[in-house]
Amino acid sequence: MNFIQGIRYNFRGLFLGIRTPKLLFWGLLRFFAVILVTIISASLILIYHQDILGIIWAKPASHWILWLWYLTSWFLSFCLVGLSTVISYLFSQVLFSVAIMDHMSRITERMLRGEATDAPGASVLKSFAYLVSQEIPRTIVPVILSILLLTAGWLTPLGPVAAIFSSAAAAIFLAWDNTDLIAARQLIPFRARFRFLLGALPFHLGFGLPLLIPGLNILLLSFAPVGAALYEVEMRRKA
């Protein structure tokens, strides 16, 4: 049930964001900002595509294996574009996306609760600096570890199993990056927030899996803070 709720809250946030002018503006701003950074990083990486391919495998003279070299070239291009997407997401997340996410979370809180909650006595600057610092253990490290696990897994017979586990881990932490916004803004210790994640893994898996769908994920990520704020506020009401 919690797994299904996770999926529902993700799309509820998307639909609420589209219907609310303020949320729509900030969501689209994040959407186009991430796309712009992705295009720039992909262009820079693909400029050096031939150089990277030359280091891995020089173009063979034999026509019998030339087709394999071209296949490798296309596969390398696909991997580089995927890598640029991940790098762009992490780069934009630290530089400006977390600010947009927090602002969207605050707007949603005010709509549902009448006010946005902050840590007592904490300045806006302190709360924001803490939010940015939490991106390292909450998003950057888990995503990098998931990629390394996936890469290492394909070098062993357990490749398909590693792909499933790494994808699930990435989905959970991408979801937590959004559901943790309000708690992190309140300066709740990391250990307590991590215990909350462990107690709600099915929900976060359901919330995060749509964020892995290529193409659609950029749109869903742009409005994910709305669905996460909905979940936080409604969960506390029930408690």
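Which residues in the largest nonpolar core touch the most other members? In this predicted model, select Tyr 9, Leu 23, Met 104 and Phe 207: of the 21 residues in that core, these four touch the most other members. In soluble globular proteins, nonpolar side chains tend to be buried together.

**The largest core and its helices**

Next, colour the helices that build this core. At least two core residues come from each of helix H1 (2-19), helix H4 (63-113), H6, helix H9 (201-208) and helix H10 (216-238). The greatest contribution is that of H10, which gives eight residues.

Now centre the view on Leu 23 and display its surroundings. Leaving out residues up to four places away in sequence, Leu 23 touches Leu 16, Gly 17, Met 104, Ile 107, Thr 108, Met 111, Phe 223 and Val 226. Met 104 thus appears in this list and also among the four residues selected at the start.

**A second core**

Apart from the largest core lies another, made up of five residues. To find this second core, select Val 98, Leu 131, Leu 181 and Ala 184, which are among its members.

**Thr 179 in helix H6**

Move to helix H6, which spans residues 159-179, and select Thr 179. Is Thr 179 buried or exposed? With a relative accessible area of 1%, Thr 179 is buried, because this value falls under the 20% limit. Show side chains here: that of Thr 179 makes a polar contact with the side chain of His 204, at 2.7 Å. Beyond its neighbours within four places in sequence, Thr 179 is in contact with Phe 196, Phe 203, His 204, Ala 228, Tyr 231 and Glu 232.

**Leu 209 between H9 and H10**

Follow the chain to the loop between H9 and H10, where Leu 209 is found. Leu 209 counts as partly exposed, since its relative accessibility is 34%. When neighbours within four places in sequence are set aside, the contacts of Leu 209 are with Phe 3 and Ala 171. A distance label may also be drawn from Leu 209 to Ala 170: the two are 39 residues apart in sequence, and their C-alpha atoms are 8.6 Å apart in space.

**A nonpolar patch on the surface**

For the last stop, switch to a surface view and select Leu 36, Ile 40, Leu 44, Ile 47 and Tyr 48. Together these residues form a nonpolar surface patch with about 540 Å² of accessible area. Within the patch, Ile 40 belongs to helix H2 (residues 21-47). Its relative accessibility is 45%, and Ile 40 therefore counts as partly exposed.

Notes
Residues numbered from 1 in each chain as written. Predicted model: local features only at pLDDT ≥ 70, side-chain atom pairs only at ≥ 80, totals over all residues. Heavy atoms only, no water. Helix = DSSP H or I, 4+ residues; strand = E, 2+ residues; numbered from the N terminus. Buried < 20%, exposed > 50% of the residue type's maximum accessible area, 1.4 Å probe, protein only. Polar contact = N/O pair within 3.5 Å; in protein donor to acceptor, adjacent residues only side chain to side chain. Contact = heavy atoms within 4.5 Å. Patch = residues over 30% accessible without salt bridge, like charges linked within 9 Å, V, L, I, M, F, W, Y side chains within 5 Å. Areas by Shrake-Rupley, 256 points an atom, 1.4 Å probe, with all protein chains shown as cover. Salt bridge = Lys/Arg side-chain N within 4 Å of Asp/Glu carboxyl O. Core = buried A, V, L, I, M, F, W, Y, C linked by side-chain atoms within 4.5 Å.
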